[in-house]
Amino acid sequence: MDIALFSPSLLFADDEAATDEETKDTQQSYTARRHTFPGMELVIREFCFHQLNANLLWPGTFAFAEWLVKHKSLIEGRRCIELGSGTGALAIFLHKSFNLDITTSDYNDEEIEENIAQNCRANGTTPVLPHIKHSWGDTFPTADPDWDLVIASDILLYVKQYANLIKSLSFLLKSYKPNNAKLVPASEGNGGTCMELPRPAFLMSWRRRIGKEDESMFFNGCEIAGLEVEHLGSRVYCIKCRDPHS
């Protein structure tokens, strides 16, 4: 795969002006907050500041959690990876609620990985969830991905990252190799839904408001890359590989 040409640091005009000591102090500053998810409360340690917004829980996280509870049959028995995990809060919630086999992933950053691990321990998720450091657009660390479900919430903030995100997403969906030993049929009749998701699929919740042109740029980019986009309602989208026979 080609090396990504985009550096996230280009998004932040003040980065060059910050000294190494200022950056270090900022990265080591945290705040622990209680957040209410369906049926449970989680204590999540957040960065007071992180240049890639890995410190924030966006509204889409909670809306997506509620949607997934209502449609739990879609994710039961799945092997899942979350893109843009940030604090790891959604992954921790899904693991605790449904014993979901889930891997977190985010920008190649040691502090993000450690903070997710800390939040796992603080909320009784031990051993901590597996984590993959991956900057979108770079070569993916796993050559043969066997995740049959990719999820994300509120990750379309930076338009300049769309091409890189689509590149990583395309790899995960098109290079999927099922591991039969890990495939467990989803429970039937749960969650009050008759929807089905293909294996593999990308399930994304997008609640932050951005321009329609920017939204269209991402979805059109997916279509150009050979992916099919379907709106499932409540601003939840399913993206899958296009059927070559359609």
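Which residue in E6 is the bridge partner of glutamate 82? The partner is isoleucine 151. I'll start from that pair and work outwards. Please keep in mind that this is a predicted model.

Glutamate 82 belongs to strand E3, residues 79-82, and E3 and E6 pair in the parallel sense over 3 bridges. On to the next pairing: E6 and E7 are also parallel, over 5 bridges. There, valine 150 stands opposite phenylalanine 202 in E7.

Now look at the side chains of E6, which covers residues 149-153. Leu149, Ile151 and Ser153 point one way, while Val150 and Ala152 point the other way. Are they buried or exposed? All are buried. Because 5 of the 5 residues of E6 are buried, the strand is largely enclosed by the rest of the structure.

Next, the whole sheet. This is an open sheet of 7 strands, in the order E5-E4-E3-E6-E7-E9-E8, and the pairing is mixed. E5 and E8 are the edge strands, each pairing on one side only. On average, neighbouring strands of this sheet are turned by 25 degrees against each other, ignoring direction.

At the E5 edge, E4 and E5 pair in the parallel sense over 3 bridges. One residue pair to find on screen is threonine 104 with its bridge partner in E5, histidine 131.

Two helices lie across strands of the sheet. H3 lies across E3, E4 and E6, and runs at about 175 degrees to E4. H6, residues 212-224, lies across E7, E8 and E9, at about 135 degrees to E8.

Last item, helix H4. H4 spans residues 110-122, 13 residues in total, and reaches 18 Å from its first C-alpha to its last, close to the 18 Å expected. At its start, a side-chain oxygen of aspartate 109 comes to within 2.9 Å of the backbone nitrogen of glutamate 111. After the helix comes glycine 124, with a positive phi near 75 degrees.

Which residues of H4 are buried? They are Ile112, Asn115, Ile116, Ala117, Asn119 and Cys120. And what do they pack against? Their partners are strands E1, E2, E4 and E5, together with helix H3. Two of those names have come up already: E5 is an edge strand, and H3 is the helix running at about 175 degrees to E4.

To close, go back to E6 on the screen: E3 pairs with it over 3 bridges, and E7 pairs with it over 5 bridges. That is all I have.

Definitions and conventions:
Residues are numbered from 1 along each chain as its sequence is written. This is a predicted model: local features need pLDDT of at least 70, side-chain atom pairs count only at pLDDT 80 or more; totals for chains, interfaces and linings use all residues. Side-chain values use heavy atoms; hydrogens and water are left out. Helices (H or I, at least four residues) and strands (E, at least two) are DSSP runs, numbered from the N terminus. The expected span of a helix is 1.5 Å times one less than its number of residues. Buried means under 20% relative accessible area, exposed over 50%, partly exposed in between (1.4 Å probe, protein chains only). Contact means heavy atoms within 4.5 Å. A polar contact is a pair of N or O atoms within 3.5 Å; within protein, one must be able to donate a hydrogen and the other to accept it, and residues adjacent in sequence count only if both atoms are side-chain atoms. Two strands pair if DSSP finds at least two bridges between them. Axes are lines fitted to C-alpha atoms, for helices over the stretch in contact, and angles run from 0 to 180 degrees between N-to-C directions.
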